[in-house]
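Me: I am new to this structure and should like to understand the terms used to describe it. May I put some questions to you?

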Amino acid sequence: MISAVIFDLDETLFARTSSLKAFAEDQLNNQYPNVFPTPSHVVARLLELDNRGRSSKYKVYQTLFKEFGIDDQNLAAELYDHYMRNAWRFAMPFEGLNEAFSEIRALGAKIGIVTNGRTDIQLRSLLALNLDRLADDYIISEAVGLRKPDAKIFQLAAGNLSVRTEDCVFVGDSPTADVSGAQTVGMKSVWFPNGAIWPTDLPTRADAEIQSLSELSGVLKAF
């Protein structure tokens, strides 16, 4: 019996790369249109340097200015500050999120979210997508002093929902942090890759794989 479905946030519920692209296009084409001569090339490079959220945005902007030959680190810091204040306004969910949540509710299961990252940044994304209201509980790694794939953060998520880990399904894009981490505590796992590549040195596999949130209901019913 599935008592809860727990999700990763970035690139699972929150279409992070698409949202960042939309923000960067607005920033470099509309808000700061004269900084770079070819904004489209800079947006592409920014997404590359971002590395699916693994890189500091402050360093990303510094690197962009250096690579494109602009010697103005104060302006780079200004663009970073603009990112920090405004990127959340461009937050978009993946298509099918609301429907997937409704189907989970229809199964009688609870909904949780566990995300690695800074509390201020992740909380903005949660609030922008109304996920603080849609989910029964959410955990941000910095706030609890734990990070996926630490087993304790998965156990905490199940405990907050008052369910057993064995009765949970975890959905995420990271093979290591999400899939393997959840499996260590007995959760079933669903991999939603969104461009992520499965590591060749990771022997375990997810219990299921989806290419869109609309596929999740069928997978849950098959468990």
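The exchange below takes up the sheet, the helices and some single residues in turn.

Me: What kind of model is this?
Reply: It is a predicted model.

Me: What makes up the sheet, and in what order do its strands come?
Reply: The sheet is open and consists of 6 strands in the order E3-E2-E1-E4-E5-E6, with parallel pairing. Strand E3 (137-140) and strand E6 (208-209) are called edge strands because each pairs on one side only, where pairing requires at least two bridges.

Me: How do you know that E4 is paired with strand E1 (residues 4-7)?
Reply: Two strands count as paired if at least two bridges are found between them. E1 and E4 share 4 bridges, in the parallel sense, so the definition is met. Along this pairing, Ala4 has Cys168 as its bridge partner, and Phe7 stands opposite Val171.

Me: What joins E4 to strand E5 (residues 188-191)?
Reply: E4 and E5 run parallel and are joined by 4 bridges. Here Phe170 of E4 is placed opposite Ser189 of E5.

Me: Why is strand E4 (residues 168-172) called largely enclosed?
Reply: A residue is buried when its relative accessible area is under 20%. In E4, 5 of the 5 residues are buried, so the strand is largely enclosed by the rest of the structure.

Me: Which residues of E4 point one way and which the other?
Reply: Cys168, Phe170 and Gly172 point one way, while Val169 and Val171 point the other way. In a regular strand, side chains alternate between the two faces of the sheet. Both groups in E4 are buried.

Me: What makes E4, helix H10 (residues 175-183) and E5 a right-handed unit?
Reply: A crossover is right-handed if, with the strands pointing away from the viewer, the path from the first strand over the helix to the second runs clockwise. E4, H10 and E5 make a β-α-β unit that is right-handed. H10 lies across E4 and E5 and runs at about 160° to E5. An angle over 145 degrees counts as roughly antiparallel, so H10 is roughly antiparallel to E5.

Me: Which helix packs on the sheet at E1 and strand E2 (110-115)?
Reply: Helix H5 (residues 97-106) touches E1 and E2, and its direction makes about 130° with that of E2.

Me: Why are helix H1 (residues 16-31) and helix H4 (residues 73-86) called oblique to each other?
Reply: Two packed helices are described by the angle between their axes and the distance between the axes. The axes of H1 and H4 come within 11 Å and cross at roughly 130°. That angle is neither over 145 degrees nor in the range from 65 to 115, so the two helices are oblique. Their crossing is right-handed.

Me: Which residues of H1 and H4 meet?
Reply: Arg16, Leu20, Phe23, Gln27, Leu28 and Gln31 of H1 meet Leu79, His82, Tyr83 and Asn86 of H4. Among the buried residues of H1 are Arg16, Leu20, Phe23, Gln27 and Leu28, and the buried residues of this helix pack against H2, H3 and H4.

Me: What makes Val114 a buried residue?
Reply: Its relative accessibility is 0%; the cut-off is under 20%, so Val114 counts as buried. Val114 lies in strand E2. Leaving aside neighbours within four places in sequence, its contacts include Ile6, Phe7, Ile139, Lys148 and Phe170.

Me: Why is Asn98 called partly exposed?
Reply: Asn98, in helix H5, has a relative accessible area of 47%. Exposed means over 50% and buried under 20%, so Asn98 falls in between.

Me: What is notable in the phi of Arg52 and of Asn130?
Reply: Most residues other than glycine have a negative phi. Phi of Arg52, however, is positive, near 55°, and that of Asn130 is positive at about 65°. Arg52 is in the loop between helix H2 (39-50) and helix H3 (57-67), and Asn130 in the loop between helix H6 (119-128) and helix H7 (131-134). Arg52 has a relative accessible area of 25% and Asn130 one of 34%; each value lies between 20% and 50%, so both residues are partly exposed.

Me: Where is there a cis peptide bond?
Reply: The bond from Lys148 to Pro149 is cis, with omega near 15°. Pro149 is found in the loop between helix H8 (141-144) and helix H9 (151-160). Most peptide bonds are trans.

How values were computed: Residues are numbered from 1 along each chain as its sequence is written. This is a predicted model: local features need pLDDT of at least 70, side-chain atom pairs count only at pLDDT 80 or more; totals for chains, interfaces and linings use all residues. Side-chain values use heavy atoms; hydrogens and water are left out. Buried means under 20% relative accessible area, exposed over 50%, partly exposed in between (1.4 Å probe, protein chains only). Axes are lines fitted to C-alpha atoms, for helices over the stretch in contact, and angles run from 0 to 180 degrees between N-to-C directions. Angles under 35 degrees count as roughly parallel, over 145 as roughly antiparallel, 65 to 115 as roughly perpendicular and the rest as oblique. A crossing is left-handed if the near helix is turned anticlockwise from the far one by less than a right angle, and right-handed if clockwise. Contact means heavy atoms within 4.5 Å.
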